[in-house]
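This report walks through selected features of one structure for a reader who has not seen it before. Please look over the sequence and the structure first.

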Amino acid sequence: NQKDAARFSLFHALRSIDYRGCERVVRINGLDSPYWKEDIRCSVAGGCDAIRIPKTETEEDVKLVEKEVVRAEREFGRPEGSVLIMAAVESARGVMNALEICEASDRLFGVALSGGDYTKDLQTHITGTGIELMGARQNLVIAARAAGVQCFDTVYTDLDNMEGFRQDVETIHLMGFNSVEQSVEDTVFALRNHPLMPKDIKIYGFIMDSTTGELSEVSETDEQ
């Protein structure tokens, strides 16, 4: 079926493409579907760096995924703790439970807001002003900072409005969201200092320019 074909493509993409140091985060199917466990097995076997949980609403969602990640690491010989977790928050319930989600697992390195589904759940829509997202954004940032994890904003979809994009970026930066550079620095720091990471392994962080494809290395110190 289509799901099996997609997993086949995913596995070979993870195995064969040179991502030049970029993190490989795989979004699995929803936990209300019969597909997500096999998605995790395929992703971990392929060598992904992290699993993104869609529609996360409770700490139990994170713990459920963590259990399957641990099982897949053992099955495919991955070092314990090598596959991290990101939680995507897409509903009012998820926003209200943000702190418990952020503290649900040591593997969880960050939370992300999915604005489209969240606004549908809130019975509104994306306006371009950011008003409809303000409460969720601030709640997620506060929870992430309290838990010591990263916080990522929703995607900006009005690609013809670069001035609106600039203003949106300035707004979320002032609200406390991680910058791209800081996110890369934090991730490199976490990987370098992971207890299972051999000290002779060199780890670097890069940011890719989405227009030119140019990679720029992000400097990072071992002290934070």
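## Aromatic pairs

By the rule used here, the count of aromatic pairs comes to two. The model they come from is predicted. A pair of aromatic rings is described by the distance of the centres and the angle of the planes.

In one pair, the rings of Phe109 and Phe152 have centres 6.4 Å apart and planes at 75 degrees, so this pair is edge-to-face. Planes over 60 degrees apart count as edge-to-face. Phe109 lies in strand β4 and Phe152 in strand β5 (residues 150-152), so the pair ties together parts that are 43 residues apart in sequence. Phe109 is buried, with a relative accessible area of 14%.

The rings of Tyr156 and Phe165 also pair: their centres are 5.3 Å apart and their planes are at 50 degrees, so the pair is tilted.

## Phe165 and the surface

Phe165 belongs to helix α8, which covers residues 162-175. Is this residue buried or exposed? With a relative accessible area of 37%, Phe165 is partly exposed. Together with Met162 and Val169, Phe165 makes a nonpolar surface patch of about 270 Å².

## The nonpolar cores

The largest nonpolar core has 37 residues, and those that touch the most other members are Ile40, Ile51, Val65, Leu108 and Val111. Which elements give two or more residues to this core? They are α2 (36-46), β2 (50-53), α3 (59-75), β3 (84-89), α5 (98-102), β4 (108-113), α7 (134-147) and α8. Helix α7 gives the most, with five residues. Apart from this core lies another, of five residues, including Ala50, Leu84, Met86 and Ala112.

Val111 can be followed through its contacts. Not counting residues up to four places away in sequence, Val111 touches Ala87, Ile101, Cys102, Leu140, Ala144, Gln150, Cys151 and Phe152. Phe152, in this list of contacts, is also the ring partner of Phe109.

## Residues in loops

Most residues other than glycine have a negative phi, and most peptide bonds are trans. Lys55 is not a glycine, yet its phi is positive, at about 55 degrees. Gln123 likewise is a residue other than glycine with a positive phi, near 65 degrees.

Tyr35 is a further loop residue, placed between β1 (25-27) and α2. The table sets out the place and accessibility of these three residues.

| Residue | Loop | Relative accessible area | Class |
|---|---|---|---|
| Lys55 | between β2 and α3 | 47% | partly exposed |
| Gln123 | between α6 (115-121) and α7 | 75% | exposed |
| Tyr35 | between β1 (25-27) and α2 | 31% | partly exposed |

Gln123 counts as exposed because its value of 75% is over the 50% cut-off. Lys55, at 47%, counts as partly exposed.

Which residues does Tyr35 touch, leaving aside its neighbours within four places in sequence? Tyr35 is in contact with Lys3, Arg7 and Asn29. Tyr35 and Asp4 are 31 residues apart in sequence, and their C-alpha atoms are 9.4 Å apart in space.

Terms used: Residues numbered from 1 in each chain as written. Predicted model: local features only at pLDDT ≥ 70, side-chain atom pairs only at ≥ 80, totals over all residues. Heavy atoms only, no water. Patch = residues over 30% accessible without salt bridge, like charges linked within 9 Å, V, L, I, M, F, W, Y side chains within 5 Å. Areas by Shrake-Rupley, 256 points an atom, 1.4 Å probe, with all protein chains shown as cover. Salt bridge = Lys/Arg side-chain N within 4 Å of Asp/Glu carboxyl O. Helix = DSSP H or I, 4+ residues; strand = E, 2+ residues; numbered from the N terminus. Core = buried A, V, L, I, M, F, W, Y, C linked by side-chain atoms within 4.5 Å. Buried < 20%, exposed > 50% of the residue type's maximum accessible area, 1.4 Å probe, protein only. Contact = heavy atoms within 4.5 Å. Phe/Tyr/Trp six-rings, centres within 6.5 Å; stacked < 30°, edge-to-face > 60°.
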